[in-house]
Amino acid sequence: MSTESLQVELAERSYPIHFSGSHELLKKEVHRLRDMGRSVRVISDARVLDAQPDYLAQAGFKDSEILSLPPGEQSKSVDSFSQALSFLANQACNRDCALFAFGGGVIGDLAGYVAASYLRGIDFYQIPTTLLSMVDSSVGGKTGINLPEGKNLVGAFWQPKAVYIDSTLLQSLPPREFAAGMAEVIKYGMLADAGLLSDLEDYAGLSAASEELPDVVRRCCAIKAQVVADDEKETASSGGRALLNLGHTFAHAIENVAGYGEYLHGEAVAIGLVLATRLSVELGQLHTESVERVESIIASYQLPTRLRDPLPMDQLMLAMQRDKKTRGGKLRFVSMKALGEAITSDGVDPKLVEEIWTQA
Ligand SMILES: O=C(O)C(=O)C[C@@H](O)[C@H](O)[C@H](O)COP(=O)(O)O
């Protein structure tokens with residue numbers, strides 16, 4: 001990884017994203033906490049712990065301090081949330097306990113929400129193990145769980161104290177998971193960095209071992225850190241943090257209607273990015289050729305550009321109504337006025353949205 005750390009600037013809630021020497025820095029932090037008499041706990045999943053059997057022990061954690069949940073989106077649930085709270089309460093963890101998330105986006109979002117809720121808030125650290133969580137979900141403090149009614153419908157903004165990005169962890173990541181992470185990388189190019197998008201065209205076939213990957217991860221984190229610093233709680237009247245949701249209004253509806261886990265989050269985002277491009281064309285903001293270009297970039301990273309099977313339109317439209325960007329019953333979309341420059345679009349005609357879905 002790149003030698004520097006990045007700082008997410010949020011006044012008293014500022015924190016570093018470490019890209020180099022992360023494992024060593026993590027170990028130091030665990031020791032520092034223990035030296036202060038504080039306890040530490042970890043939430044992880046069975047697949048990550050199997051793939052990385054020694055990582056936590058080498059950083060100073062003990063087995064009894066680790067809660068292992070089943071892998072996959074199903075663990076981002078009220079049941080797992082409750083299980084994790086009981087894990088802390090049964091061990092009499094108090095307010096000086098620090099909670100570490102060791103896993104991908106599901107574990108990070110869940111553990112963050114547990115940390116935000118337990119005793120009204122305890123310290124929280126992110127150790128992302130997937131590409132998706134390294135470039136996106138571990139940064140910015142959006143934590144939460146899914147409901148049967150919709151994706152991420154319950155949660156809190158709760159910033160981590162630090163993020164430890166260790167690219168060596170990607171070597172054991174299954175190819176499908178790596179590809180899913182690339183969807184969020186492509187998203188960053190599409191929303192804020194035309195140069196990154198062009199580079200991704202040149203790098204097609206990027207893998208965990210590619211020498212370009214550390215710089216790509218850092219570029220995504222730098223965009224996210226800036227957007228979050230400018231609009232931490234997504235309250236800007238236009239643009240702002242909502243732009244990070246490019247493709248997600250469609251993606252969350254796909255995940256909810258198809259059933260959580262049917263599509264990986266990144267796979268749904270990949271389809272959502274194509275649909276957001278089609279929407280931008282229909283709104284007269286992009287040329288038609290943009291769709292072909294976006295589809296080609298997405299496909300070159302072994303990601304889907306279309307749904308495997310059609311999903312019921314009424315359910316997709318209903319799921320979209322529950323999107324957190326909706327105001328006064330009206331959908332707010334993130335579209336692009338150029339590839340590399342996202343904007344928010346209000347008052348989009350639902351008929352147009354239905355028409356876009358028919359092309360999914
Ligand atoms: O951090 C953000 O803000 C994002 O929108 C990043 C998204 O990629 C991420 O999936 C996020 O968790 C979605 O948030 P939501 O508010 O739409 O549930």
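Me: What makes the shell around the ligand one that draws on both domain 1 and domain 2?
Reply: Domain 1 (5-170) and domain 2 (175-357) each give at least three residues to that shell. The bounds come from an automatic or database domain assignment. This is a predicted model, where local features need pLDDT of at least 70, side-chain atom pairs count only at pLDDT 80 or more, and totals for chains, interfaces and linings use all residues. Residues are numbered from 1 along each chain as its sequence is written.

Me: Which residues are around the ligand, and what makes them count as near?
Reply: They are Asp136, Ser137, Gly140, Lys142, Asn152, Glu184, Arg241, Leu244, Asn245, His248 and Lys324. A residue is near a molecule if its C-beta atom, placed from the backbone, lies within 6 Å of it.

Me: How do those shell residues divide by class?
Reply: There are 1 nonpolar, 5 polar and 5 charged. Here Ala, Val, Leu, Ile, Met, Phe, Trp, Tyr, Cys and Pro count as nonpolar, Asp, Glu, Lys and Arg as charged, and the others, Gly among them, as polar.

Me: How do you know that the two domains touch?
Reply: Contact asks for C-beta atoms, placed from the backbone, within 7 Å, and 27 residues of domain 1 are in contact with 30 residues of domain 2. On the domain 1 side, H6 gives the largest share, 5 residues. By class, that side has 14 nonpolar, 8 polar and 5 charged residues. The C-alpha centres of the two domains lie 25 Å apart.

Me: Why is the span of helix H9 said to agree with expectation?
Reply: Helices (H or I, at least four residues) are DSSP runs, numbered from the N terminus. The expected span is 1.5 Å times one less than the number of residues. For the 18 residues of H9 (residues 213-230) that gives 26 Å, and the end C-alpha atoms are 26 Å apart, so the two agree.

Me: What makes a residue of H9 buried, and what covers the buried ones?
Reply: Buried means that 20 or more other C-beta atoms lie within 10 Å of its own, with C-beta atoms placed from the backbone. In H9, Leu213, Val216, Cys220 and Ile223 are among those that qualify. Their cover includes strand S1 (5-8), strand S2 (15-18) and helix H7 (175-192). Across the protein chain, buried residues make up 49% of the 360 residues.

Me: Why is the protein chain, with its 14 helices and 11 strands, called as compact as a globular protein of that length?
Reply: The globule rule is 2.2 Å times the number of residues to the power 0.38, and the radius of gyration is taken over C-alpha atoms. The rule gives 21 Å for 360 residues and the chain has 20 Å, which is close, so the name fits.

Methods:
Helix = DSSP H or I, 4+ residues; strand = E, 2+ residues; numbered from the N terminus. Buried ≥ 20, exposed ≤ 12 C-beta atoms within 10 Å, placed from the backbone.
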